[in-house]
Amino acid sequence: MTTVKAFWHNNKNTSEIKTENIDFSDINQAVNLSSRYSSISLGTEKLVAKGEIPLELYNKMKVNYMTGSFDFPIKYGYSLVGQTEDNSWVHVMHPHQNQIIVNDYDCYFFSPEKIDPIVATQFSNLETVINAIWTSKVKNTDVVLVCGTGSIGILLAQTIKKYIGATVYVHETNPIKKEKLKDLGFDLCTNNIEYDITFNVSANERGLQYCIDHTVEEGKIIELSWYGNNPVVLQLGGNFHYKRLQIISSQVSAIPNEKKETYDFLTRKQLVENLLTTIDYKSFISNIISFDQLPAYFDQIRKNQPNNDFITIVKY
């Protein structure tokens, strides 16, 4: 038995850090890690914390090493960077926990000389970004809108800008984040432009509507937001049919069928590693909280307090 501290959602109103004894004897080829950083994927983790996961998706939404159930209590989270006893650095899918033991085949080892460990927390988010880029087939000649600048949105905008070379605008309603975006060199959207491809990462029906209203004829709208049990109301009586627009879901985990012959989960991870070594993402990590602050952080999230940060990281 190993004693660890883990972050749990007790119910849709409260969370806490619990000390627990865990039996790791059933894990073969075990790797023992001291957690250093984990990333909060705010959209999904907010839905989990508020109990808004659809019942029919319980099995599909399970993540590695998750404990409990979506009916509560639940230990959840899925992008963690840890260090082995011999000082090797590892990215792994795991809930927020200070000490973990995982199967070696779940570990992706990386060099801290090439990738800052705090930035390595974005491996999973960038896999989502790559999927969206593949789904959209965005080209360097496209004029693109990214609507919403949470962790996925800001990484997507930067990757399309630097990796694809397309012209990128961002749409953000939070005035504090808008000023930050301008300081970071992003162009804010204008209502006078129509975009070849729009990406909605706002987790908000108003963001999706904005994309519908500002996409060119026969253009594509890539929907990355996930709404859980929350209904979405759209106005489809105007431009949507008139312009023959396409709303396309970007599935966050599965590799698109047309890419399966050239990529698997390992080679997609290697592509992300290359992005992490060549593109600056660290400046988007705008909030670092301690592990002990997680319960208070989620208390604020449940109250729908404004989120002024792009990426929030947990430090252990």
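In which loop is the place of R244? In this predicted model, R244 is found in the loop between helix α7 (239-242) and strand β15. The phi angle of R244 is near 55 degrees, a positive value in a residue other than glycine. With a relative accessible area of 45%, R244 is partly exposed, because the partly exposed class lies between 20% and 50%.

A203 is a further residue of this kind. Its phi is positive, at about 55 degrees, although A203 is not a glycine. A203 belongs to the loop between β13 and α6 (205-213). The relative accessibility of A203 is 46%, so A203 counts as partly exposed.

The overall form of the protein was examined next. The protein contains nine helices and 17 strands. For 316 residues, a compact globule would have a radius of gyration near 20 Å, and the value of 20 Å computed for the protein agrees with this. The C-alpha trace spans about 65 × 40 × 40 Å along its principal axes. Of the 316 residues, 51% count as buried. Among contacts between residues at least 6 apart in sequence, 69% join residues at least 24 apart. The exposed area of the protein is about 14800 Å², of which carbon and sulfur atoms supply 47%. The protein carries 30 positive and 35 negative charges, and the mean positions of the two sets are 3 Å apart.

Six strands form an open sheet in the order β12-β11-β10-β13-β14-β15, with parallel pairing. The edges of this sheet are β12 (187-188) and β15 (246-249); each has a single partner strand, so one side of each is left without a neighbour in the sheet. Strand β15 also borders the loop that holds R244. Within the sheet, strand β13 (residues 195-200) runs parallel to strand β14 (residues 215-223), and five bridges join the two. In this pair, N200 of the protein stands opposite E223 in β14. In a regular strand the side chains alternate between the two faces of the sheet.

Another pairing involves strand β3 (residues 30-39) and strand β8. These two strands pair in the antiparallel sense over five bridges. One residue pair can be named: S34 has Q99 in β8 as its bridge partner. Strand β8 (residues 99-103) is largely enclosed by the rest of the structure, because four of its five residues are buried.

Helix α1 (residues 42-49) is also mostly covered, with six of its eight residues buried. The buried residues are L42, T44, E45, L47, V48 and A49. What do the buried residues of α1 pack against? Their neighbours are strands β1 (2-9), β3 and β5 (74-75), together with helices α2 (58-61) and α9 (294-302). Strand β3 therefore appears both in the packing of α1 and in the antiparallel pair with β8, where the enclosure of β8 follows from its four buried residues. An α-helix has 3.6 residues a turn, so residues three or four places apart point the same way. After α1 comes G51, with a positive phi near 70 degrees.

The backbone also contains a cis peptide bond. This bond joins F72 and P73, and its omega is about -10 degrees. P73 lies in the loop between β4 (67-68) and β5. Strand β5 is in turn one of the elements against which the buried residues of α1 pack.

Key
Residues are numbered from 1 along each chain as its sequence is written. This is a predicted model: local features need pLDDT of at least 70, side-chain atom pairs count only at pLDDT 80 or more; totals for chains, interfaces and linings use all residues. Side-chain values use heavy atoms; hydrogens and water are left out. Buried means under 20% relative accessible area, exposed over 50%, partly exposed in between (1.4 Å probe, protein chains only). Two strands pair if DSSP finds at least two bridges between them. The radius of gyration is taken over C-alpha atoms; the globule rule is 2.2 Å times the number of residues to the power 0.38. Contact means heavy atoms within 4.5 Å. Accessible areas come from the Shrake-Rupley method with a 1.4 Å probe; for residues, only the protein chains shown count as cover. Lys and Arg count as positive and Asp and Glu as negative; His and the chain ends are not counted. The place of a charge is taken as NZ of Lys, CZ of Arg, CG of Asp or CD of Glu.
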